[in-house]
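Me: I should like to understand how the terms used for a protein structure are justified. Please take me through the reasoning step by step.

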Amino acid sequence: MAKARAIIKRRKSVQNIRKITRTMELIATARFKKAFDRATEAEAYTRKIAEIVADLGATGASISHPLLAVREPVKTERMLILTSNRGLAGGYNGNVLRAATLAYQSAATDGINVTFDIVGKRGITYAKFRGLKPESTYTTFEDRPQFAEVEVLANQYIQLYTSGQIDRLEVAYTRFISSSRQEATVQTLLPMTASQVGESTARHRTGTATKETPTRHGERVPYEFLPDAESILEEIVPVSFKVRLFKCFLDAAVSEQISRMVAMRGATENADEMVKSLTMLYNRARQAQITRELAEIIGGAAALK
Amino acid sequence: MSTVSDRLQCVVVTPERTLFDQPVDFVALPLYDGELGVAPGRAPLIGRLGFGEMRTNVGGVTHRYFLDGGFAQVRENVVTVLTNRAIPAEQIDPAAAAAELERAKAQPAPTEAEQAAKMRAVERARAQVHIASKRG
């Protein structure tokens, strides 16, 4: 029975692993729902900002702000890489890091001095492996990034950019397109363009948006501006940047959970398959053993005659 | 709209979520240069907010919130407040706010930009202390 026993042992361990991956899948699903709800809730703000910017733009006010100033040539660049703290999320971290590395290489050939900020343990380990020295690292962002935390980071970048220490800010993260499609991208957040300020980051076409649509287009609302349209616009630019950065974090959090969910579902399915084939193998081994024993008995009985 | 024209819909939105969305009788907003009261039927307005206290009045009951800057939009009896943080007045810790004010005041600010940042921090902390002390 030696071989059959070994197979049973293996089957048992595969079953245990299946239990773990199945649980992880369920946890990731629950976290994904939460992260997704947060991301959806956060959109009310950007939608409103976009609306106000559109209203302000209709007055013909032009924006000028240090964060919109494009500096040529770009000499220094800061790249913020958003990865996860935990692994077992399929290609999630690998894709982001690959995209970041490609962007880094092309920037380096253009003679740009690139420095890094890395979020997530996975990215930090990768940087260590590649021998890169990140300026600062963060491991506090979990699946629920807080605006207050992101704001601190955003203020830092605003300060760095306006003081001329960096000419460009790139963020490498996984963009959430739909629940079946996420894409690792490198996005330039600074300098911002005037159109980005008023861009709504909404991606889910929810029914809540229709509440205001009847009056949004067509007639212009005769607003009173306090203090005046231009200075409000100026004030909106940094807010818009912070929200865009926050959205990157939210997207990354949602995408991470989706990747983990998909990876763990795959792992569970594979474990199922393996259990099935191991069961078959075991049955065969057992049958072979019975047949062999029968043959021995019959052979023995025949010899006695 | 005729049924709700005598009431304001007050919506407070932070980057994380919609905090507050309900009909009120009156809203007082902390604009950058002083307080602005909004009653039903107010002409459309977009304004910059400062650090300060927002009051809403629903059927004679007043609720107070601390607003951390942002913008306000008034249109068709809908008051939309966009702010980084909105904290109900009763949740502000007076001791923590006072400590924050001391810390902000003690901050050295040699450059112009830092001076401006310090002013903001002090103003912000002062508004919190003010709101916290008014409770009672």
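The exchange below sets values from this predicted model against the definitions behind the terms.

Me: Why is Leu101(B) called buried?
Reply: A residue counts as buried if 20 or more other C-beta atoms lie within 10 Å of its own. Leu101(B) has 20 C-beta neighbours inside 10 Å, and therefore it counts as buried. This residue is found in helix H1 (residues 94-106) of chain B.

Me: What does Leu101(B) touch, leaving out residues up to four places away in sequence?
Reply: Contact requires C-beta atoms within 7 Å. By that test Leu101(B) touches Val122(B), Ala125(B), Arg126(B) and Val129(B). Leu101(B) and Ala125(B) are 24 residues apart in sequence, while their C-alpha atoms are 4.8 Å apart in space.

Me: What makes a group of residues a nonpolar core, and which members of the largest one touch the most others?
Reply: The members must be buried residues of certain nonpolar kinds, joined through C-beta atoms within 7 Å. The largest such core holds 96 residues, and Ile81(A), Leu82(A), Ala172(A) and Phe249(A) touch the most other members. Its largest share, 19 residues, comes from helix H7 (residues 229-304) of chain A.

Me: Why is this core said to lie between the two domains of chain B?
Reply: Domain 1 (8-89) and domain 2 (92-134) of chain B both give residues to the core, so it lies between them.

Me: Which residues surround Ile81(A), beyond its neighbours within four places in sequence?
Reply: Ile81(A) is in contact with Val96(A), Ala100(A), Phe116(A), Ile118(A), Val119(A), Gly123(A) and Ala172(A). One of these contacts, Gly123(A), is among the buried residues of helix H3 (residues 121-130) of chain A, together with Arg122(A), Ile124(A) and Tyr126(A). The buried residues of H3(A) pack against strand E1 (76-82), helix H2 (92-109), strand E2 (113-119) and strand E3 (136-138) of chain A. Just after H3(A), Gly131(A) takes a positive phi of about 80 degrees.

Me: How do you know that strand E1 (residues 8-13) and strand E2 (residues 18-24) of chain B pair?
Reply: Pairing requires at least two bridges between the strands. E1(B) and E2(B) have 6 bridges, in the antiparallel sense, and therefore meet the requirement. In E2(B), Val24(B) is the bridge partner of Leu8(B). A hairpin of 4 residues joins E1(B) to E2(B).

Me: What makes strand E6 (residues 224-226) of chain A and E5(B) a pair?
Reply: The same cut-off of at least two bridges applies. These strands have 3 bridges in the parallel sense, and therefore they pair. Leu45(B), in E5(B), is the bridge partner of Glu224(A).

Me: How many residues of each chain are in contact with the other?
Reply: 21 residues of chain B are in contact with 23 residues of chain A. On the side of chain B that touches chain A, E5(B) gives the most, with 4 residues. By class, this side has 10 nonpolar, 6 polar and 5 charged residues.

Me: How do you know that the two domains of chain B touch?
Reply: 8 residues of domain 1 are in contact with 6 residues of domain 2 in chain B. E5 and E6 of chain B each supply at least two residues of the domain 1 side. That side divides into 4 nonpolar, 1 polar and 3 charged residues. The C-alpha centres of these two domains lie 22 Å apart.

Technical notes
Residues are numbered from 1 along each chain as its sequence is written. Chains are lettered from A and ligands numbered from 1 in the order in which they are written. This is a predicted model: local features need pLDDT of at least 70, side-chain atom pairs count only at pLDDT 80 or more; totals for chains, interfaces and linings use all residues. A residue is buried if 20 or more other C-beta atoms lie within 10 Å of its own, exposed if 12 or fewer, and partly exposed in between; C-beta atoms are placed from the backbone. Domain bounds come from an automatic or database domain assignment. Ala, Val, Leu, Ile, Met, Phe, Trp, Tyr, Cys and Pro count as nonpolar, Asp, Glu, Lys and Arg as charged, and the others, Gly among them, as polar.
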